[in-house]
Amino acid sequence: MAIIIDDKIETIVQGITGKNAALHTKFMLAYGTKIVGGVTPGKAGQTVEGVPVYDTVRDCLTEHPKAQVSSIWVPPRFAQDAILEAIDAGIKRIIVITERIPVHDMLYARHKAKERSVMIIGGNTPGIISPGKALVGMLPKIAFEPGRIGTVARSGAVTYYIANSLNLAGLGESTSVGLGGDPILGANFEDVLGLFERDTETDAVVMAGEIGGVYEELAAPFIKQMSKPVIAYITGKAAPQGKRLGHAGAIIEGSMGTAANKIDALEKNGAIIAQTLSEIPELVKKSIGR
Amino acid sequence: MRLYEYEAKRLFARHGVPVPPGVVVEADTYEELDKVTYPVVIKAQAFVGGRGKAGLVQFASNREEAEGKIAQMLGKKHSTHTINRVLVEKKMEMKNEFYLAAMVDRLEHRYMMMSSRQGGVEIEQVAQAKPNAILKYHFNVGDIMPSFAARNIAAELGFHGQLLNDGTEIVERLYRLFTGYDCKVCEINPLVVTSDDRLFALDAKVDLDEDAMFRHAQLREMGITARHEVGELTEREKMAKKAGIPYVDLDGDIGVFPGGAGFGIAAIDLIKHYGGEPANFMDSGGAPTQEKLRSMLGLLLDNPRVKAIFGARFGGISRCDDWAKAVVQYVIENRPRKPMIMRMAGNMEQEGRKIIEEAKREHPEFFKKIKVYAYDMPIEDVIRETIRAAQAEHSEQ
């Protein structure tokens, strides 16, 4: 089963003619993801890696009505419009690779998505992979192997190291989800944890958070209700105040966003806290009795 | 991206939020002091909390006194901030102080107006001591604020008569400014009622979304461009910024040469966890060019405090062979003497390994202290070895 994407879904790529999007279209196709169409206004009739390009999402869906998932690779100033266009055309899951989308733009897009029950992942997500089934985004396939552990993280590279350590310990992933590094995100930890809780192919979840914002704290009460174990790894314990650490969202503002707050909230609600990356596989094994 | 108070007040004035009449004075613009009405308040323009206690807000009753006090303030350093300019304003006779702000509520993902009759103190303090003294009003993103909602806010602040109408206008204008300029926060604290029953924003805090600066030509015209959030940059941070590298100086001796931002944050934690002290945070971005990778190494190796480098590359979007080429070229050109303990895994790992081995054979003397581990070496063992290498460097000196 896996979550969000599997080997049956049909996807489209918005901004497909961009350099990065075109390259990763090639990688996604090679992984087996079904990409049925791409969209770049003004470039209808072209193809990218054999994928037909359309001017609008609506045109694309007229030809490929089964497409449910779109990944968005357009520059940040066009991201809000691309998301709204996908929602309007009837796409149900939108994976936003674009980073540093203006805060107000993302808030509005998020609001519209909620109204239509559309799931947004990102912005600034490295994507989603259900190992052996499908990949949407730019996660490196080499870091992932099929298995029964779900992962959800704000950072791409941390996701790779976590999956890497799970693989070395013989575990592997059901699905790995990058939530994204932007300050305003579509789906949050709670949304993705909910999907893993219901997924019959997931036994436990590793969540990795980082300083900034309150998404980790917000997920804590939900973890308490979950039947599956959640292993949490929070980075930024040694981070300085008030400095943005690379990701637009990774900044401690006042007392909000500290690693200590997040760890405290998660631990109180039953999450198993990993202090280091290397502890994660052992904690996972212990939690599922292996 | 915080604005200085004088910038925020210029923005307020431009959009009809009344501010006290005042001028900005720098070291070579004392003649501005002829344009103000005395007595005045002199406020240092710096992002320092508690300016009053730090002596960064002063009063003067005439030009001579003002000049003396300004001369003392300018050029002074407060933590990392140098005071380069002061805002000199007519001192207002006030009866009451209020709080009013428009902001993004990141919990609700909506816009929020916050108001309180307890103005003039840190709102966080009010929130702790008397949470009921703060009123919050939420608005859906994309909705306009109806006038009646602004009127309700003004009425709940206790305004009557002409003050109610004036207050309503300020609420509406602040909200328009907040949405119109992509602000994260627009705060007036205090909003004061003067002895002649007029409203003024005595202080102004505006936090802009720097990712939306591209659509605000007016701000650029006012000289407001993207800048660091807090404080001033160190020399190395400035160099990094020029090279397009997110970089933050820390106090330790282990240079961190990571891949992406998320792992950069994890790396500084792990170094501390194992008893080391990181010298920096850095982010290479998704697929850095070889030139960028070399500038990253230069930033670390030119720093005299750095005793050893921890490097990590998980080739996903990026390629290990590109990374290896950049490292080899940097080492051959600059012959660093500091230990560099690194791990390279993922995309094009074998090709990368060949490049490193070849360079080692050709220039063994340059690579004596350089190690590049592979996929099977746990990343945390690499960190521990770097910490030991840094300690060894200290004892050698």
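Of the 290 residues of chain A, 58% count as buried. Keep in mind as we go that this is a predicted model. Chain A holds nine helices and 14 strands. Its radius of gyration is 18 Å, close to the 19 Å that the globule rule gives for 290 residues, so chain A is as compact as a globular protein of that length. Taken along the principal axes, the C-alpha atoms of chain A fill a box of roughly 55 × 40 × 30 Å. The contact pattern adds to this picture: among contacts in chain A between residues at least 6 apart in sequence, 72% join residues at least 24 apart.

Let us turn to the strands. Seven of them form an open sheet with mixed pairing, and reading across it gives the order β3-β4-β2-β1-β5-β6-β7 in chain A. The edges are β3 (47-48) and β7 (119-122) of chain A, each of which pairs on one side only.

Start at the β3 edge. Here β3(A) runs antiparallel to β4(A), and two bridges join them. A:V48 stands opposite A:V51 of β4(A). These two strands form a hairpin with two residues between them, and in the turn A:E49 has a positive phi of about 55 degrees. One step further in, the sense changes: β4 (residues 51-54) of chain A pairs in the parallel sense with β2 (residues 34-39) of chain A, over two bridges. Look for A:V39 facing A:Y54 of β4(A) to find this pairing.

Now cross to the other edge. Strand β6 (residues 93-96) of chain A is joined to β7(A) by four bridges, and the two run parallel. Among the partners there, A:V96 is bridged to A:G122 of β7(A).

Chain A has another open sheet of seven strands, again with mixed pairing, in the order β9-β8-β11-β10-β12-β13-β14. Its edge strands are β9 (134-137) and β14 (272-273) of chain A, each pairing on one side only. At the β9 edge, β8 (residues 127-130) of chain A and β9(A) pair in the antiparallel sense over four bridges. A:I129 has A:L135 as its bridge partner in β9(A). Helix α6 (residues 189-198) of chain A packs on this sheet, touching β10 (146-153), β11 (173-178), β12 (204-210) and β13 (230-235) of chain A. The direction of α6(A) makes about 165 degrees with that of β10(A).

Next comes a pair of helices. The axes of α7 (residues 215-225) and α8 (residues 259-268) of chain A come within 8 Å and cross at roughly 5 degrees. Because angles under 35 degrees count as roughly parallel, α7(A) is roughly parallel to α8(A). On the α7(A) side the contact is made by A:E216, A:E217, A:A220 and A:I223, while α8(A) contributes A:N261, A:K262, A:A265, A:L266 and A:K268. By class, this contact has four nonpolar, one polar and four charged residues.

Finally, let us see where chain A meets its partner. Here 48 residues of chain A are in contact with 45 residues of chain B. Three elements of chain A give two or more residues to this side, namely α3 (76-89), α4 (103-115) and α5 (156-168). Of these, α4(A) gives the most, with six residues. The residues on the side of chain A that touches chain B divide into 25 nonpolar, 15 polar and eight charged.

Notes:
Residues are numbered from 1 along each chain as its sequence is written. Chains are lettered from A and ligands numbered from 1 in the order in which they are written. This is a predicted model: local features need pLDDT of at least 70, side-chain atom pairs count only at pLDDT 80 or more; totals for chains, interfaces and linings use all residues. Two strands pair if DSSP finds at least two bridges between them. Two residues are in contact if their C-beta atoms, placed from the backbone, lie within 7 Å. Ala, Val, Leu, Ile, Met, Phe, Trp, Tyr, Cys and Pro count as nonpolar, Asp, Glu, Lys and Arg as charged, and the others, Gly among them, as polar. The radius of gyration is taken over C-alpha atoms; the globule rule is 2.2 Å times the number of residues to the power 0.38. A residue is buried if 20 or more other C-beta atoms lie within 10 Å of its own, exposed if 12 or fewer, and partly exposed in between; C-beta atoms are placed from the backbone. Axes are lines fitted to C-alpha atoms, for helices over the stretch in contact, and angles run from 0 to 180 degrees between N-to-C directions. Angles under 35 degrees count as roughly parallel, over 145 as roughly antiparallel, 65 to 115 as roughly perpendicular and the rest as oblique.
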